[in-house]
Amino acid sequence: CPVVNSVQHDTGNTYIVNWMIDAIAQYWVSASGTDGEWGLYLITNYQYSGHYINGGNWKPIKTINRSAPLPGGGGDNCTVSASHCNHSVYGPRFMNKFNYAGSEKVDIPTSATNSCIVFGMPVPVLGVFAPVFPGTVSYPVCGAGGISVPEPPPDPDWCGMSTASLDYNFGTMAPEDVDGQSITKPAVMTCNKAGVSYNLYLQNVSSAGRDTIDLGLGVSATVTVLINGVEQSLQSNRVSTSDINPMDVKVTLNGTPGVTGTLGGQNVGILAVNYY
């Protein structure tokens with residue numbers, strides 16, 4: 001019989017289900033006498049999973065019925081009467097139509113409290129779903145150790161400067177007063193949670209340290225940050241303490257201009273985040 005051999009998260013609420021033939025597939029609840037659709041189902045909000053699955057919503061994904069032809073065409077006793085139908089005769093019909101292995105994208109409702117993707121069919125007379133599952137899967141069929149849909153991977157950790165921009169205007173200075181002048185302004189680093197490890201650098205600067213902007217006329221500006229009043233280089237490793245992380249960004253001028261003129265002009269430093 002075909003069985004689900006893996007389920008991977010794709011994007012959002014969509015999963016990729018892989019299935020293939022399994023020579024040692026298992027089933028505990030017979031499908032004999034059931035006249036319905038057999039195949040790949042999504043089961044959500046089920047109440048119990050053991051040798052059968054009780055309750056929940058049973059949504060067909062890829063199915064066949066007993067009138068579907070067998071490999072080579074024709075039929076068998078199942079074609080004549082549902083009383084002769086079981087998983088072992090539905091399986092070849094399914095593979096004859098959909099091949100011996102394949103993949104299918106399945107959307108899981110956001111309202112689902114649990115979910116399982118499995119081969120088999122509903123057995124209305126018993127009020128249960130009769131599953132077929134890999135020979136390597138132990139009891140229960142769905143849930144831990146079974147073939148439940150995995151949880152999507154957690155969102156990646158991130159931090160970003162939520163302060164849009166900072167303007168450092170040093171005004172008019174005599175050349176001999178430039179070196180060592182500094183301005184400090186408050187900013188906020190937003191992270192998705194506490195405990196994110198990160199450092200900073202100027203994205204548009206390639207020189208060592210990636211923290212200094214050339215303003216021309218022999219003058220540069222070095223950018224540092226202050227956390228709780230303690231000054232740190234941009235590339236110092238730090239860890240977020242919450243989702244909102246206040247800091248101060250300090251710009252210090254270095255050098256004495258040899259001639260008078262305008263410093264900086266349109267020089268801009270773009271703060272970027274690096275994770276470690």
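Two strands pair if DSSP finds at least two bridges between them. Strands (E, at least two residues) and helices (H or I, at least four) are DSSP runs, numbered from the N terminus. The model is predicted: local features need pLDDT of at least 70, side-chain atom pairs count only at pLDDT 80 or more, and totals for chains, interfaces and linings use all residues. Residues are numbered from 1 along each chain as its sequence is written, and side-chain values use heavy atoms, with hydrogens and water left out.

**Exercise 1. Work out the strand order and pairing sense of the open sheet that contains β12.**

Step 1. Take β12, residues 197–202. It pairs with β18 in the antiparallel sense, over five bridges.

Step 2. Fix the register. Tyrosine 198 has tyrosine 275 in β18 as its bridge partner.

Step 3. Write the order. The three strands run β16-β12-β18, with antiparallel pairing.

Step 4. Find the edges. β16 (238–239) and β18 (271–275) each pair on one side only.

**Exercise 2. Check the length of helix α2 against its expected span.**

Step 1. State the rule. The expected span is 1.5 Å times one less than the number of residues.

Step 2. Apply the rule. Helix α2 covers residues 87–98, which is 12 residues, so 16 Å is expected.

Step 3. Compare. The end C-alpha atoms are 16 Å apart, which agrees.

Step 4. Look at burial. Buried means under 20% relative accessible area, exposed over 50%, and partly exposed in between (1.4 Å probe, protein chains only). The buried residues of α2 are His87, Val89, Tyr90, Gly91, Arg93, Phe94, Met95 and Phe98.

Step 5. Inspect the end. Asparagine 99, just after α2, has a positive phi of about 85 degrees.

**Exercise 3. Locate salt bridges and classify the exposure of their residues.**

Step 1. Set the criterion. A side-chain nitrogen of Lys or Arg must lie within 4 Å of a carboxyl oxygen of Asp or Glu. The whole structure yields six such bridges.

Step 2. Take aspartate 10 and lysine 105. Their closest N and O atoms are 3.3 Å apart. Aspartate 10 sits in the loop between β1 (2–9) and β2 (14–21), and lysine 105 in strand β7 (residues 101–107), so the pair ties together parts 95 residues apart in sequence. Aspartate 10 is partly exposed at 27%. Lysine 105 is exposed at 56%.

Step 3. Take aspartate 157 and lysine 193. Here the closest N and O atoms are 3.4 Å apart. Aspartate 157 is in the loop between β9 (128–132) and β10 (159–161), lysine 193 in the loop between β11 (182–191) and β12; the pair therefore ties together parts 36 residues apart.

Step 4. Take lysine 250 and glutamate 231. The closest N and O atoms are 3.4 Å apart. The pair links β17 (residues 244–254), which holds lysine 250, to β15 (residues 230–233), which holds glutamate 231, 19 residues apart. Lysine 250 is buried at 18%, while glutamate 231 is partly exposed at 41%.

**Exercise 4. Assign each disulfide its handedness, and account for cysteine 1.**

Step 1. Apply the cut-off. A disulfide is a pair of cysteine sulfur atoms within 2.5 Å. The structure holds three.

Step 2. Cysteine 78 to cysteine 85: S to S is 1.9 Å. The link has 95 degrees about the S-S bond and is right-handed.

Step 3. Cysteine 116 to cysteine 142: S to S is 2.0 Å. The torsion is about -80 degrees, so this disulfide is left-handed. The pair links strand β8 (residues 115–123), home of cysteine 116, to the loop between β9 and β10, home of cysteine 142, 26 residues apart.

Step 4. Cysteine 159 to cysteine 191: S to S is 1.9 Å. The torsion is about 110 degrees, so this disulfide is right-handed. Cysteine 159 lies in β10 and cysteine 191 in β11, so the pair ties together parts 32 residues apart in sequence.

Step 5. Number the bonded cysteines in sequence order. The pairing is 1-2, 3-4, 5-6. Cysteine 1 is in no disulfide; the nearest cysteine sulfur, that of cysteine 78, is 12 Å away.

**Exercise 5. Trace the surroundings of serine 49.**

Step 1. Place the residue. Serine 49 is in strand β4 (residues 48–49) and is buried at 11%.

Step 2. List contacts (heavy atoms within 4.5 Å). Serine 49 touches Pro140, Val141 and Cys142, not counting residues up to four places away in sequence.

Step 3. Add the backbone nitrogens. The serine 49 side chain reaches that of valine 141 at 3.4 Å and that of cysteine 142 at 2.8 Å.

How values were computed:
Polar contact = N/O pair within 3.5 Å; in protein donor to acceptor, adjacent residues only side chain to side chain.
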